[in-house]
Amino acid sequence: MSDHPTSGRRRTGSSGKRSARSSTQGAGRGAGTRGSASAGTSGKAGRSGKNGKKPLTRKQIAWRIGRWVIAAGLAFVLVLVGLAIAAYKMTDIPNPNRDFQTEATYVYYAGGHQQLGRFAEQNRDSIPYDEMPQTIKDAVVAAENRTFWTDKGIDPKGIIRAAFSNARGNATQGASTITQQYVKILYLNQERSYKRKLKEAILSLKIQRTMSKEKILEGYLNTIYFGRGAYGIQAAAEAYFQKPAKKLTLRQSAVLAAVLNNPYGLDPENGKDAKEALKERYDYVLENMAEDGTAPAARAEHAEKRLPRFPKAKAGDMYGGQRGHALTLVKNELLRLGFTPEQIEGGGLRVKTTFTKKAMNAAEQGVKEAEPDGFSDKNLHVGVASVEPGTGALRGFYGGQDFLKSQINWASSGGMVGSTMKPVTLAAALQAGFSLKDTFDGNSPYEFPDGLTVHNEGEQAGEADGHSYGSHVTATYALEESINTAFVDMSNSIPDGPQKIYKTGLRMGIPPTKADKAYPGIPATSGDYDPDDVLITLGRAGISPINMANTYATIANGGVRSNVHVIDKVTDPDGTVLYRYKQDDNSSRAISEDISDDVSYAMQQVVQSGTGRAALALGRPAAGKTGTATNDKGDVVSAWFVGYTPQLATAVMYTRGNGRGKLDGWLPSYFGADYPADTWTAVMQRDMDGVPVEEFPPPANVDGDAPDDDHEPLPTRTAAPPPPKKTHKPEPEHTHKPHPSAPPTPTPTPTPTQPSPSNPGGSGGCPVLNPNCDEPSETPTSSEPSSTTSSPGGGKTKSPGQNRAPLAWAVRPTYADRPMSPASRSLTDDAA
């Protein structure tokens, strides 16, 4: 059926031909001629265009287009080849000894006008190939490009991959061969473009064709960045080992070859983790050298046993005092933002920080005024951090000892926070449905079903089980007096209490134990911050003063957390903005505004009538919390005061030695209500000088659906009666006694700060929150002069007539630095 003459498929488009053929066969010559002519005319008319030509078929059209494309493509290729040849001829090989230059990166205070410091000028001293030891040549080849001596010096796939990645704005990708790396560093700049990549590719081809491998390696080793501001092997040998390059040993050469992979992250001066990472890379280099035959296997194996000894790194005078700590914070944040060490050290960046000279001076001068006399900053460490609510800007800090003497910044290192964790617990409880008027068990001890017990203070006063405040104390009073058992009861009454407290802390500004971009901080991690710790409310976690200040700044900001940061803007030498802090991208609601207002109200009561009354001397509305933490032996290892005004949050931490040294029996007083609170007040008096007084919002008095009916407010009063004041006897084993108590002082009426000699313009001076004002507050004044007398131990104690609150014996928790069995952990908190 398929080939039937009447088939629709066969008939379509060919009826003219079949009709003519049929007429010729059946009707004779004449008819056939007429039929053929008729049919032919008809068929021709059906296939011809206006000019009588046959239309092109699809294949013919495609072929014509293809020829044009091929011709155009060939022409384009010829143009490209011509351009490439021209570019090749016009591209000169730079002279690394003349043309290679770096530009210092400058760091500025918040206003962007006064310089805080700078990162290294070019530190480079070129030496000839013959003066370079063979060990460094072999080590660098083994580390960076094992086929260097035999390859063509270029990796086309790597160039294309890096060009596309960099043009899209992704993380900068480097070249793979030593030749390509050499070319890249000769054109040190921040441009990410096809043009730069093409130029690098051309130069790589030209160099590998016109220069010997020895010359390429010489240029590379004289220009590559080794860290510590050192460009080239000669400067690196001096920076790391304080000797000329020609005297480097196999071990030292392997180290310098290893650090090329990550000049900052593999520098042993940057901590234990960096040193461990260096050892791993160091072993890799030596193993490759043994396999390549450039180092005897036995010698390489012997060298792998340990890293070489490193002389103590020298820091320039520009890093003296607190400046070195500040520049280190800036460098760390630049690295976190994706800038490379080469960019930071030699890329000519212009960095505007969040620091103000006023806040930096306030932190340092406040510490010097309030800390006890006779205690070296080599052993007594004070960390201070001031964060602006609403922006997360770190305005000022004090890191402790002069950076040239110790690179540990105690404002970012931190320690166990003790009872300063309790406001986070209160926020979690209010979110769970409790109110400030709900009551909790303040009797001591509090015992868990598994036998774990928690005690309040009072053991030193003869109360074997700690002081009992009653079975129904309000949440507000529990925070005022920092009652351990009440807060453990509170945590235990919240469904999944420790987990809820943990998550609330994350949202407010406490980083987790493993870095998470959703919960950033300075640093990005906390120690022992565990959601499964049933005693999380008592502050076993190790948190930095910077992060604690930011957590409290969240409360001051109505429950909205802004990520703490130290960099506002980065530009290149031409003024192009490479980074700008964006507030909207770095803020999130942590707790509701009503809950924040209630927590803030309770913390104001801590200052008004609780353990934080030393802060009354600030003379303006303030909220805060004391904290003292002890280890499993009962030794006090840190003392805190963290507080805020509506405009600024400041955290103060006192610790000793390695951060776990014993404070009790060593300091004249080890309570957060004493030296830490006095330091906070001294710092904030300077910070707030000239800043208008602002009031806190009133409490919202939230009262949700509490998960436990056993905590209803007392029917006849809103707070449990305070216990009678006790006269405590100092511990007999203590050499130094706590500060003597003084009568309660009336709450001062907040008044605007008046002009003072240190701030001639009053509010027109240099407020700490004004980023465009960099003037220092040289001699800030306090609301009241501090009267001091020498203690027997050489420490400074307050006179009984000083304007301060009576000392309440703080709640003293005992924390475990090492895990203990539940039955053996007895906790006594220290709230003051």
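With which residues is Leu-334 in contact, leaving aside its neighbours within four places in sequence? In this predicted model, the contacts of Leu-334 beyond that sequence window are Phe-119, Phe-339, Ile-344, Val-351, Ile-567 and Val-570. Leu-334 belongs to the largest nonpolar core, which comprises 84 residues. Within this core, Leu-334, Phe-355, Leu-394 and Leu-426 are the residues that touch the most other members. A second core, separate from the largest one, contains 51 residues, among them Ile-224, Ala-237, Val-259 and Leu-286.

Leu-286 also lies in helix H11, where it is one of the buried residues. Helix H11 spans residues 272-292. Its 21 residues extend 30 Å from the first C-alpha to the last, close to the 30 Å expected at 1.5 Å a residue. Besides Leu-286, the buried positions of H11 are Ala-274, Leu-278, Arg-281, Tyr-282, Asp-283, Val-285, Asn-288 and Met-289. The cover over the buried residues of H11 includes helix H4 (134-144), helix H10 (250-259) and helix H12 (297-303). Just after H11, Gly-293 adopts a positive phi of about 80 degrees.

At the surface, a nonpolar patch is formed by Leu-56, Ile-61, Ile-65 and Val-69, which together have about 350 Å² of accessible area. Of these residues, Leu-56 is located in the loop that connects helix H2 (15-47) and helix H3 (58-90). Leu-56 is classed as partly exposed because its relative accessible area is 39%, a value that lies between the limits of 20% for buried and 50% for exposed residues.

Methods. Residues numbered from 1 in each chain as written. Predicted model: local features only at pLDDT ≥ 70, side-chain atom pairs only at ≥ 80, totals over all residues. Heavy atoms only, no water. Core = buried A, V, L, I, M, F, W, Y, C linked by side-chain atoms within 4.5 Å. Buried < 20%, exposed > 50% of the residue type's maximum accessible area, 1.4 Å probe, protein only. Contact = heavy atoms within 4.5 Å. Patch = residues over 30% accessible without salt bridge, like charges linked within 9 Å, V, L, I, M, F, W, Y side chains within 5 Å. Areas by Shrake-Rupley, 256 points an atom, 1.4 Å probe, with all protein chains shown as cover. Salt bridge = Lys/Arg side-chain N within 4 Å of Asp/Glu carboxyl O. Helix = DSSP H or I, 4+ residues; strand = E, 2+ residues; numbered from the N terminus. Expected span 1.5 Å × (residues − 1).
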